[in-house]
Amino acid sequence: MKTIRKISAVSLLCLTFFTVVTMSCSEENEPPTIQKVQNNSHQTAKTQFITVKGNTIAYRVLGKEDGIPLVLFPGLGGSMDDWDPAVTDGLAEKYKVIIFDNKGVASSKGTTPNTVQAMADDAVDFIKALNLSKVNIMGFSMGGFIAQRIVLTNPALINKVILTGTGPQGAIGLSNLPTIVAGTAGLSPEASFLKFGFTESAQSVAEGKASYARVQLRTTDRDLPLSDVASNSQFTAVLSWAQPNADALTEIHKIKNPVLIVHGENDLPVSVQNAKNMAQNLDDAELVIFPDSGHASFYQYHNAFVGKAIEFLGK
């Protein structure tokens, strides 16, 4: 059964108070007591390494030690330290969260492939190298492309899927990415972050600046930036994914796992219509659209997003 909804002010308030434990939005419920992640938060988790098919892959484990892990796949150009800690630490309050650099990315060795399917295969190899037989996965933007390919090619490995700011093959608007990127030329890193991920409203800009500041907080054992070679390979893979594919929405009919789709109403590189199309073509999907938000809507509405994600994973 599909559940498709745009977050209203009342619903958003309910989700904001839903951050850590499952609760209904009613007067008789008291806000939950938040148990802080002690030794393996986003800022303090130690970078670990594992050899996967001859390549050293960097990863970190946050939060709980038991339960089905949640493995995160970042967007184009993203490394372990490009996640917003408000999201990763929020999820880690309830789940074991694994962030990593795929092959050839940032602190990981090897050659970054230039197709989404090859990236998905590398991610599966990493998951299996950790001896994990069942995982939840969450992909942001390009990471959402990877997540789709993983659940299509390895459905038994996957429990549930969270897709944020992403779309199916041939995603509407994605072919304009080179023009959008060119429009950020000369901008500071923060200004580029805001243009890509947020809207121009005062509220969205303020939340974007707060998110950017959180992303910069980790200074010890910080991840390496991507090489030009890795960045170019990823860009090639994304542009290939952007090519029209008449069978894309038909193919995702094969996904039977529960899927939570989260999107910003004003997403610049990936139109919100993509999220609506995916939700309509999945057997078990829930769509949440955040108002006045862009590509990084789940950073802007991090409390509401974490609450909804925890609710979804806990069902």
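Axes here are lines fitted to C-alpha atoms, for helices over the stretch in contact, and the angles between their N-to-C directions run from 0 to 180 degrees. With that in hand, helix α2 (residues 85–92) and helix α12 (residues 302–314) can be described as having axes that come within 9 Å and cross at roughly 30°. The model is predicted, and this briefing covers two of its helix pairs, its largest pocket and its cavities.

**Helices α2 and α12**

- Angles under 35 degrees count as roughly parallel, so the crossing at roughly 30° makes α2 roughly parallel to α12.
- The crossing in which α2 passes α12 is right-handed.
- On the α2 side the contact involves A86, V87, G90 and L91, and these meet H302, F305, V306, A309 and I310 in α12.
- Sorted by class, the residues of this contact of α2 with α12 comprise 7 nonpolar and 2 polar, with no charged residues.

**Helices α6 and α7**

- Helix α6 (residues 189–197) packs with helix α7 (residues 202–215) at an angle of about 130°, and their axes are 10 Å apart.
- At that angle, α6 and α7 are therefore oblique to each other.
- As in the pair above, the crossing is right-handed, here with α6 passing α7.
- From α6, the residues P189, E190, F193 and L194 make the contact, while α7 contributes V205, G208, K209, S211 and Y212.
- The contact of α6 with α7 divides by class into 5 nonpolar, 2 polar and 2 charged residues.

**The largest pocket**

- The volume of the largest pocket is about 1,200 Å³.
- Its lining is made up of 41 residues, and those that lie nearest the centre of the pocket are L76, G77, G78, D82 and S192.
- Several helices take part in this lining, since α4, α5 (177–182), α6, α7 and α8 (228–241) each supply at least two residues to the largest pocket.
- By class, the lining of the largest pocket has 24 nonpolar residues, together with 13 polar and 4 charged ones.
- Helices α6 and α7, which pack against each other at about 130°, are thus among the elements that supply at least two residues each to this lining.

**The cavities**

- The structure holds 2 cavities of 30 Å³ or more, and the largest of them has a volume of about 150 Å³.
- The largest cavity is lined by 18 residues, of which P74, N102, V105, I146 and Q234 are the closest to its centre.
- At least two residues of this lining come from each of β4 (70–73), α3 (116–129) and α4 (142–153).
- The lining of the largest cavity includes, by class, 9 nonpolar, 6 polar and 3 charged residues.
- The second largest cavity contains about 50 Å³ of space, and the residues that line it are Q148, R149, L152, P168, Q169, W241, A248, E251 and I252.
- Two or more residues of that second lining are given by each of α4 and α9 (248–251), and α4 gives the most, with 3 residues.
- The lining of the second largest cavity has 5 nonpolar, 2 polar and 2 charged residues by class.
- Helix α4 recurs across these spaces, supplying at least two residues to the lining of the largest cavity and at least two to that of the largest pocket, as well as 3 residues to the second largest cavity.

How values were computed:
Residues are numbered from 1 along each chain as its sequence is written. This is a predicted model: local features need pLDDT of at least 70, side-chain atom pairs count only at pLDDT 80 or more; totals for chains, interfaces and linings use all residues. Side-chain values use heavy atoms; hydrogens and water are left out. On a 1 Å grid over the protein atoms alone, a cavity is a set of points where a 1.4 Å probe fits but cannot get out, and a pocket is an open set with protein on both sides within 12 Å along at least five of seven lines; lining residues have an atom within 4 Å of a point. Grid points are joined across faces, edges and corners, and a volume is the space filled by probe spheres set on the points. Helices (H or I, at least four residues) and strands (E, at least two) are DSSP runs, numbered from the N terminus. Ala, Val, Leu, Ile, Met, Phe, Trp, Tyr, Cys and Pro count as nonpolar, Asp, Glu, Lys and Arg as charged, and the others, Gly among them, as polar. Angles under 35 degrees count as roughly parallel, over 145 as roughly antiparallel, 65 to 115 as roughly perpendicular and the rest as oblique. A crossing is left-handed if the near helix is turned anticlockwise from the far one by less than a right angle, and right-handed if clockwise. Contact means heavy atoms within 4.5 Å.
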